[in-house]
Amino acid sequence: MLTSQTNFIIALIFLAIGSIGSLAFRKKDSISNIWGNTFAAAGSAFGLLAAARTLFLNDIFSFSLPSTFPILSFSFKMDYLSAFFVFVISLIALLTSVYGMGYVKHYYRKYDIGSLGFFYNAFIAGMLLVVTANNALFFLIVWEIMTLASYFLVIFERNEPKNIEAGSLYFIMTHIGTAFIILAFLLLYKSTGSFDFEVIKNSAGLISPLTKDIVFVLAFIGFGTKAGIIPFHIWLPSAHPAAPSHVSALMSGVMIKTGIYMFIRIFLDILPNTPLWWGIIMLLVGSISSLLGVLYALSAHDIKKLLAYHSIENIGIILLGLGSTLAFTALGLNSLAIVALIAALFHTLNHAVFKALLFMGAGSVISKTHTRNIEEYGGLIKLMPYTAFFFLIGSMAISALPPFNGFASEWLTFQSLFAGIQSSNMIAEWSFVIAAGSLAFTGGLAAACFVKVFGVTFLARSRSEEASHASESSISLKVSMAILSILTLVFGVLAGTVATSLSKVSESLNTLKGSGVAATIQNLSMTTQNVFASVSMPGILLGLLIIITVTVLIVNFISRKQKEITGITWDCGTKPSPRAEITATGFSRSIVTIFRGILQPTKQTDIEYHDANSRYFPKTRTVNLETTDIYKKYFYSPIHKLIIKVSQYVKKVQSGNVNAYVLYIFIVLIILLISGVIK
Amino acid sequence: MEQLIAPQFLFIAGIVVFLTVIAMHLIKKSISVVYFYVIQSSMISLLLLYSSFVRHSFFVLAVTMLITAVKIIIAPGFFLRLIKKNELKFSASSYLNMPMTLIAITIITAIARSRFFHPLTVINPTNESTLLISIAAMLISLFMIINRKGALSQMIGVLSLENSIVSFAFTAGLEQKPGLELGITFDIFVWIIIATVFVSMVYKKFKTLDVTEMSRLKG
């Protein structure tokens, strides 16, 4: 049987062949598509095997390839944490590749399928390398590969000017983030004299508390930008929808998690003795991200943008778990820290699964209706029943409804936060209170949002010509969505088993080593250590099945003698039409109004009359409800204005006169000489 | 490296380099600037020649010959041809007028001889004065590039800076291997050719070599 290392190398080779082959066959769309996605799927399958062997057979490996640069080494390491992320990446990439085989067909003869295959494979390889890189410089190289590949995937549909704009924003923001990451690594290098993660970890005692704090801030901004936390998320709602749907599933479900991976790697593995305020900051940012993410999702009409906002929300939820871990570690409650970290990791896995499912469902709908505006859908359940069913499962999972996986991880997060509320430290206590309140709000609003999305998209009547002529998607799309739907249920019902596996990952981290088993399983029920709560996911499933069966039986029993009469719908004298249906805007209006302080809605009403002169009988009445991006208005716009102003001043320095440039050199030279001498 | 050249000779060479740089500032005629550059380069060649005799090195002698050819024959030849071809008799205008230029040179020389640069003389305490004079020559050459508007004067300023650095290196005992010096000479040679061709093209297009009138290089 192949070792984990061999599987991993084979995975990378397959992805490389997939990349190059796609380009080689670029003139033949169908071959290029099959080639690219088949090799991506094969590479992901081997990645999955590598991760599974490490996680379940303890086949940890590390190896290094020589480099001509002294401080750079192509160093890889797959420990439990890396293996977990490789597992998540490979699992989703495997299914998106199967999905892609069918989905990409609608791009034939419109866009370059060869370049899509090339960047898609490079993107997956980049992500796998990011979570296994063991040297900061090598990490930056693969981080850039991942970023550039995803950038080209975002602008794949380049005929749309909006996509180019979204790509540019993503490119700028992600590179600002990278600048912060580089600074963090340089500081670590300055203190430890090495870019090697292992050396930095072993020499962490040399890093002063101030340096650690600065590294925290820099890494939090740098990796937080990739993770899409508020207020660094500005690129996410426009970039994720712009990419092809199976890429959106990867970006939203997996890529943003690489930021979370680095948070865990740096704050819990490399840097020991984390101060309390790191955890508090993470809890507060997580609360804001989850709440604002779901609020903006509620007011969105673009189905992919809405899902992208939910990614921000879910990253917020993951941060709540991670923030709790850091806070518990600082308070010396390592056992609870492990529970909280399991919650964060579990939600990372769950979000990847249900978000990929939802993006695939959205992609399936978009490929048939050719629009992302949910106001133009409606009634698709009759035309696309499988897609509707799978989307419903995804919606239930993201809304944290049992027995699906979203419930299990959010329940664990809640338990961590409730445990934190009992903390003796007042600041920590109130941070946990805020976080728990925010999570409760978020859960409710997410459910409301998905009632809106599912209702407006799949129920009632079609509201556009294209929606009324939609048909079910191809088999490859249905298969991948079906597998993800099954996984949402399996990960939910077997949450105890998953939590136990994740406790192994958590306990392997430097900070949490030897803290004891946090979650136990007894007859597939999940029980957290020391405290208060236990839940049996199989029990919930069984209970739900019993309730449904009993309800069906009772209804059948009661109505067995009643005749079914079909009559005309009561229609108030007018024929039922899509105009009588509630729209997405109408649905979210009341919630948007409640949160008007944050969302700052603007309403524009247009009326068209039958007779413009008499103006008694309205023909159509349109309400256009828009919300204001407060972070854009109060954070990015002032920064943008400041940069423009400063640039205008700086422009004067660059006069185009050679003499002036030499003068600058002269002044700097004199200053350097004098300062050198003084020193 | 052991100091083989007599301090007196080094001092004279340093003074010549220093004075020629000042002279280049004071005169307006482009052709005279070139002649002063020839004097300055001749001094540097003499220094190298002296070094080759003292070190009994044929290779250094060969390098000296090459440097002489580049700095005293080829480079001035290029410049004189350029002046003749484009009739650049009085292109050496400057930003500062003469009194202000002299004040600036005085300040630069004072800075070079101040306590800030004194620690640099530990490289070779025997030639302390020469070292400081060479530093002053370097800074004044740089100032020439800043103060002169004409591209030709700026090019000569760059070459004068290079001569000052060579003078400093000799005084400090930082002479390099002949191979490296050969490389530097080749570098200068290529630079002169490119710069001359470039200046010639710019003049053809703009009918001036005044850099203040060349801020928009769109033609």
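Helices are DSSP runs of H or I with at least four residues, and strands are runs of E with at least two.

**Figure 1. Secondary structure and overall dimensions of chain A in the predicted model.** By this assignment, chain A contains 26 helices and seven strands. The C-alpha trace of chain A extends over about 100 × 70 × 60 Å along its principal axes. Chain A has a radius of gyration of 27 Å, which agrees with the value near 26 Å for a compact globule of 679 residues.

**Figure 2. Burial and contacts within chain A.** Of the 679 residues in chain A, 55% count as buried. Contacts between residues at least 6 apart in sequence were also examined in chain A; 79% of these contacts join residues at least 24 apart.

**Figure 3. Surface and charges of chain A.** The accessible surface of chain A amounts to about 28,600 Å². Carbon and sulfur atoms account for 67% of this surface. Chain A carries 46 positive and 30 negative charges, and the mean positions of the two sets lie 2 Å apart.

**Figure 4. The interface between chain B and chain A.** The size of an interface is often expressed as the accessible area lost when the parts come together. Between chain B and chain A, about 1,300 Å² is buried, with carbon and sulfur atoms giving 80% of this area. On the chain B side, B:Phe116, B:Leu142 and B:Ile146 lose the most area to chain A. Together, B:Phe116, B:Leu142 and B:Ile146 make up 41% of what the chain B side buries. The contact involves 16 residues from chain B and 12 residues from chain A.

Methods:
Residues are numbered from 1 along each chain as its sequence is written. Chains are lettered from A and ligands numbered from 1 in the order in which they are written. This is a predicted model: local features need pLDDT of at least 70, side-chain atom pairs count only at pLDDT 80 or more; totals for chains, interfaces and linings use all residues. Side-chain values use heavy atoms; hydrogens and water are left out. The radius of gyration is taken over C-alpha atoms; the globule rule is 2.2 Å times the number of residues to the power 0.38. Buried means under 20% relative accessible area, exposed over 50%, partly exposed in between (1.4 Å probe, protein chains only). Contact means heavy atoms within 4.5 Å. Accessible areas come from the Shrake-Rupley method with a 1.4 Å probe; for residues, only the protein chains shown count as cover. Lys and Arg count as positive and Asp and Glu as negative; His and the chain ends are not counted. The place of a charge is taken as NZ of Lys, CZ of Arg, CG of Asp or CD of Glu. Buried area is the accessible area (1.4 Å probe) that two parts lose on being put together, summed over both.
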